[in-house]
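Me: Here's a model I'd like to understand better. Pick one part of it and walk me through that part slowly, with the numbers, and tell me how it ties into the rest.

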Amino acid sequence: MLDLRDCEIAFTGRLTTMTRDQAFSLAKVFGAKPQNWVTKQTDYLVVGLIETALGENVFRIFSRVFAGRLS
């Protein structure tokens with residue numbers, strides 16, 4: 001299991017399985033320090049669902065971009 005003690009963790013996007021407050025509480029249970037924004041001290045970024053203005057899932061966009069760079 002990942003040791004999150006004293007790690008700074010930020011959340012972005014829409015979390016589909018819990019509220020942001022629940023995510024912060026759960027992070028604290030594991031000893032992490034949840035943040036409202038990303039800083040140079042951020043150790044982990046949890047990315048929820050992010051959609052463009054047209055409703056397209058950003059993960060699909062990033063997947064296509066990175067797949068193109070790797071091939």
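Reply: I'll start with the overall layout, then go along the middle strand of the sheet and one of its neighbours, and finish at the segment in front.

Keep in mind that this is a predicted model. The protein has two helices and three strands, and from the N terminus on they come in the order β-α-β-β-α. There are 71 residues, and buried ones make up 23% of them. The accessible surface is about 5700 Å², with 59% of that belonging to carbon and sulfur atoms. As for the contacts between residues at least 6 apart in sequence, 66% of them join residues at least 24 apart.

Now the sheet. The three strands make an open sheet with parallel pairing, in the order β2-β1-β3. That puts β2 (33-35) and β3 (44-47) at the edges with a single partner strand each, so each has one side without a neighbour in the sheet. From one strand to the next, the twist averages 30°. Zooming in on the β1 and β2 pair, the two run parallel and are joined by three bridges. Within that pair, Glu 8 sits opposite Lys 33 of β2. Then there's α1, which lies across both β1 and β2 and runs at about 160° to β1.

The spot I'd linger on is Gln 35, which belongs to strand β2. Is the residue buried or exposed? With a relative accessible area of 10%, Gln 35 falls under the 20% cut-off, so it counts as buried. Leaving out neighbours within four places in sequence, Gln 35 touches Glu 8, Ile 9, Ala 10, Phe 11, Phe 24 and Thr 42. Two of the core residues that come up below, Ile 9 and Phe 11, are on that list.

What does the polar end of Gln 35 do? The side chains of Gln 35 and Thr 42 make a polar contact of 2.8 Å, and another one, at 3.2 Å, links the side chains of Gln 35 and Thr 39. Thr 42 and Thr 39 are also tied together: a polar side-chain atom of Thr 42 lies 2.8 Å from the backbone nitrogen of Thr 39. Thr 42 itself is in the loop between β2 and β3. At 17% relative accessibility it is under 20%, so Thr 42 is buried too. Again setting aside neighbours within four places in sequence, the contacts of Thr 42 are Glu 8, Ala 10, Gln 35 and Trp 37.

Next, the nonpolar side of the story. The largest nonpolar core has eight residues: Leu 4, Ile 9, Phe 11, Leu 15, Ala 23, Phe 24, Ala 27 and Ala 32. Both β1 (8-12) and α1 (20-29) supply at least two of them, and the largest share, three residues, comes from α1. One member, Leu 15, touches Arg 20, Ala 23 and Gly 48 once residues up to four places away in sequence are ignored.

Leu 4, another member of that core, lies in the segment before β1. It has 16% relative accessibility, which is under 20%, so Leu 4 is buried. Not counting residues up to four places away in sequence, Leu 4 touches Phe 30, Gly 31, Ala 32 and Tyr 44. Two C-alpha distances go with that: Leu 4 to Ala 32 is 5.2 Å across 28 residues of sequence, and Leu 4 to Gly 31 is 5.9 Å across 27.

Gly 31 is in the loop between α1 and β2. It is partly exposed, with a relative accessible area of 25%. Apart from neighbours within four places in sequence, Gly 31 is in contact with Leu 4, Arg 5, Asp 6 and Cys 7.

One last oddity is Asp 6, also from the segment before β1. Most residues other than glycine have a negative phi. Asp 6, although not a glycine, has a positive phi of about 65°. At 56% relative accessibility, Asp 6 counts as exposed.

Terms used
Residues numbered from 1 in each chain as written. Predicted model: local features only at pLDDT ≥ 70, side-chain atom pairs only at ≥ 80, totals over all residues. Heavy atoms only, no water. Core = buried A, V, L, I, M, F, W, Y, C linked by side-chain atoms within 4.5 Å. Buried < 20%, exposed > 50% of the residue type's maximum accessible area, 1.4 Å probe, protein only. Helix = DSSP H or I, 4+ residues; strand = E, 2+ residues; numbered from the N terminus. Contact = heavy atoms within 4.5 Å. Pairing = 2+ DSSP bridges. Axes fitted to C-alpha atoms, helices over the stretch in contact; angles between N-to-C directions. Areas by Shrake-Rupley, 256 points an atom, 1.4 Å probe, with all protein chains shown as cover. Polar contact = N/O pair within 3.5 Å; in protein donor to acceptor, adjacent residues only side chain to side chain.
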